[in-house]
Amino acid sequence: MLKDHAKIIHAISVSGEVIGRKKLQKMIYIAKKMEFPFQERFQFHFYGPYSEELTLRVEELCNMGFLDELKEKKGGYYQYRYTLTEAGQEFLGENSVEMPCLGDCLTDINDQNARFLELVSTVLYFDNLPEAEVREKIQAVKKSQKYTDEEIDEAYAYITSLKTKSRQLLA
């Protein structure tokens with residue numbers, strides 16, 4: 001049971017810190033789509049793919065003292081910053097996680113902004129459809145984001161680069 005918790009701790013550890021709940025959701029979803037062995041189930045939600053299981057695991061990890069969740073007021077909303085605690089480091093030391101090169105991919109993903117990751121994860125969510133249909137879906141379900149064709153092209157290019165990187169790393 002705690003193996004899945006350890007994977008989340010490991011993901012945050014190799015990322016250094018993750019700023020934003022939405023960003024954390026997108027990072028894990030994208031890593032899962034890049035064939036890293038995360039077990040959380042995702043459904044399509046207002047901000048793209050979302051996992052209630054991931055939310056609960058992160059909450060449990062914070063309650064166990066393995067993750068630190070810092071709540072910061074940013075204008076009219078709160079932003080959450082996740083980092084590994086000393087207890088989390090010790091837990092990882094006792095529960096090793098074998099995900100070689102996850103850090104390379106997550107560092108890259110973590111460097112992107114949340115809006116772009118929302119687009120990338122949405123493209124990946126609909127990856128069973130032809131590209132033209134994915135573009136139509138994005139314009140329908142993400143109408144308020146007003147993604148441009150250029151941004152969608154960038155998302156596809158980014159996905160291709162991540163797949164190449166993760167395949168090289170996993171090979």
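Is Glu 72 buried or exposed? In this predicted model, Glu 72 comes out as buried, because its relative accessible area is 19% and the cut-off for buried is under 20%. Glu 72 sits in strand β4, which covers residues 67-74. Its side chain has a partner, too: there's a polar contact of 3.1 Å with the side chain of Arg 81. If you leave out residues up to four places away in sequence, Glu 72 touches Tyr 77, Tyr 78, Gln 79 and Arg 81.

Let's go back to the start of the chain and pick up helix α1, residues 2-15. It has 14 residues and runs 20 Å from its first C-alpha to its last, close to the 20 Å you'd expect at 1.5 Å a residue. How many of the 14 residues of α1 are buried? Ten of them are, so the helix is largely enclosed by the rest of the structure. The buried set is Asp 4, His 5, Ala 6, Lys 7, Ile 8, Ile 9, His 10, Ala 11, Ile 12 and Ser 15. Scroll along that list and you'll find charged side chains in it as well, Asp 4 and Lys 7 among them. Just after the helix, Gly 16 takes a positive phi of about 85°.

Ile 12 is a good residue to zoom in on in α1. Its relative accessibility is 0%, so it counts as buried. Setting aside residues up to four places away in sequence, Ile 12 touches Glu 17, Val 18, Leu 24, Leu 67, Tyr 82, Thr 83 and Leu 84. For a sense of scale, take Ile 12 and Glu 150: they are 138 residues apart in sequence and 30 Å apart in space, C-alpha to C-alpha.

Next, the pocket. The largest one has a volume of about 590 Å³ and is lined by 25 residues. If you want to centre your view on it, Gly 20, Arg 21, Lys 22, Lys 23 and Tyr 80 are the lining residues that lie nearest its centre. Which elements each supply at least two residues of the lining? They are α2 (21-33), β3 (48-50), α3 (52-63) and β5 (77-84). Helix α2 gives the largest share, with six residues. By residue class, the lining divides into 13 nonpolar, six polar and six charged.

Stay with α2 for a moment and find Gln 25, which lies in that helix. It counts as buried, because its relative accessibility is 6%. The side chain of Gln 25 is joined to that of Thr 55 by a polar contact of 3.1 Å. Beyond residues up to four places away in sequence, the full list of residues that Gln 25 touches is Phe 42, Pro 49, Tyr 50, Ser 51, Leu 54 and Thr 55.

Helix α3 also holds Glu 59. With a relative accessibility of 46%, Glu 59 counts as partly exposed. Its C-alpha is 8.9 Å from that of Glu 69, a residue ten places away in sequence.

Further along the chain, Val 134 is found in helix α7, residues 131-141. At 1% relative accessibility, Val 134 counts as buried. What is Val 134 in contact with, leaving aside its neighbours within four places in sequence? The list is Val 123, Phe 126, Leu 129 and Tyr 156. Val 123 is eleven residues away along the chain, and the C-alpha atoms of the pair are separated by 6.5 Å.

Finally, a look at some backbone angles. Most residues other than glycine have a negative phi. Glu 35 has a positive one, about 75°, although it is not a glycine. You'll find Glu 35 in the loop between α2 and β2 (43-45). It is exposed, because its relative accessible area is 61%. Lys 146 isn't a glycine either, and its phi is positive at about 55°. This residue lies in the loop between α7 and α8 (149-170). Lys 146 has a relative accessible area of 65%, so it is exposed.

Terms used:
Residues are numbered from 1 along each chain as its sequence is written. This is a predicted model: local features need pLDDT of at least 70, side-chain atom pairs count only at pLDDT 80 or more; totals for chains, interfaces and linings use all residues. Side-chain values use heavy atoms; hydrogens and water are left out. On a 1 Å grid over the protein atoms alone, a cavity is a set of points where a 1.4 Å probe fits but cannot get out, and a pocket is an open set with protein on both sides within 12 Å along at least five of seven lines; lining residues have an atom within 4 Å of a point. Grid points are joined across faces, edges and corners, and a volume is the space filled by probe spheres set on the points. Helices (H or I, at least four residues) and strands (E, at least two) are DSSP runs, numbered from the N terminus. The expected span of a helix is 1.5 Å times one less than its number of residues. Buried means under 20% relative accessible area, exposed over 50%, partly exposed in between (1.4 Å probe, protein chains only). A polar contact is a pair of N or O atoms within 3.5 Å; within protein, one must be able to donate a hydrogen and the other to accept it, and residues adjacent in sequence count only if both atoms are side-chain atoms. Contact means heavy atoms within 4.5 Å.
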